[in-house]
Amino acid sequence: MATTPIPDKDYNLISVLYHSLSGADSCATYIQDAESSNDSELADFLKDAKSRYEELAQKAKKLAASRIG
């Protein structure tokens with residue numbers, strides 16, 4: 001990893017936050033695709049995945065707010 005002014009542990013936390021938000025965003029698109037195909041089982045799975053990504057992002061955001069600044 002390249003040397004940055006941000007400690008690795010903080011960079012890692014920000015990375016998890018970013019990837020969690022990205023995953024939730026991707027799931028939103030995938031949910032639409034599943035619903036368009038009338039695949040409710042897949043849509044339900046993806047809704048659960050989106051919810052978990054959002055929950056993880058909220059935890060990472062809260063942790064980042066208390067540590068970085």
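**Figure 1. S20, a buried serine in a predicted model.** At 3% relative accessibility, S20 counts as buried, because the cut-off for that label is under 20% relative accessible area. This serine is part of helix α1, and the model you are looking at is a predicted one. So who does S20 touch? If you skip its neighbours within four places in sequence, S20 is in contact with Y53, L56 and A57. Those three are good residues to pick out when you look at this view.

**Figure 2. L17, another buried residue of helix α1.** L17 also sits in helix α1. Is L17 buried or exposed? Its relative accessibility is 19%, so L17 counts as buried, given that buried means under 20%. Leaving out residues up to four places away in sequence, L17 touches A57, A60 and K61. A57 may ring a bell, since S20 is in contact with A57 too. Now take L17 and A60: they are 43 residues apart along the chain, yet their C-alpha atoms are separated by 5.4 Å.

**Figure 3. A43, where helix α2 meets residues from earlier in the chain.** A43 lies in helix α2, which covers residues 40-67. With a relative accessibility of 1%, A43 counts as buried. Which residues does A43 touch, not counting those up to four places away in sequence? They are I31, A34 and E35. For I31 there is a distance to go with the contact: the C-alpha atoms of A43 and I31 are separated by 5.0 Å, with their positions 12 residues apart along the chain.

**Figure 4. N38, out in the loop.** Look between α1 and α2 and you will find N38 in the loop there. Its relative accessible area is 72%, so N38 is exposed; the label needs a value over 50%. There is something else to notice about the backbone here: N38 has a positive phi of about 55 degrees, although this residue is not a glycine.

**Figure 5. D10 and its partner K9.** D10 belongs to helix α1, which runs over residues 8-36. The relative accessible area of D10 is 10%, so this residue is buried. Zoom in on the side chains and you can spot a polar contact of 3.3 Å joining D10 and K9.

**Figure 6. S26, partly exposed on helix α1.** S26 is one more residue of helix α1. With a relative accessible area of 26%, S26 is partly exposed, because that label covers values between the 20% and 50% cut-offs. How many residues lie between the positions of S26 and E55 in sequence, and how far apart are the two in space? They are 29 residues apart in sequence and 15 Å apart in space, C-alpha to C-alpha.

**Figure 7. Zooming back out to the whole protein.** Step back and the secondary structure comes to 2 helices and 0 strands. The C-alpha atoms fill a box of roughly 50 × 25 × 10 Å along the principal axes. A compact globule of 69 residues would have a radius of gyration near 11 Å, but this protein has 15 Å. Of its 69 residues, 22% count as buried. Among contacts between residues at least 6 apart in sequence, 57% join residues at least 24 apart. As for charge, there are 8 positive and 11 negative side chains, and the centres of the two sets lie 12 Å apart.

Technical notes: Residues numbered from 1 in each chain as written. Predicted model: local features only at pLDDT ≥ 70, side-chain atom pairs only at ≥ 80, totals over all residues. Heavy atoms only, no water. Helix = DSSP H or I, 4+ residues; strand = E, 2+ residues; numbered from the N terminus. Buried < 20%, exposed > 50% of the residue type's maximum accessible area, 1.4 Å probe, protein only. Polar contact = N/O pair within 3.5 Å; in protein donor to acceptor, adjacent residues only side chain to side chain. Rg over C-alpha atoms; globule rule 2.2 N^0.38 Å. Contact = heavy atoms within 4.5 Å. Lys, Arg positive; Asp, Glu negative; His and termini not counted. Charge placed at Lys NZ, Arg CZ, Asp CG, Glu CD.
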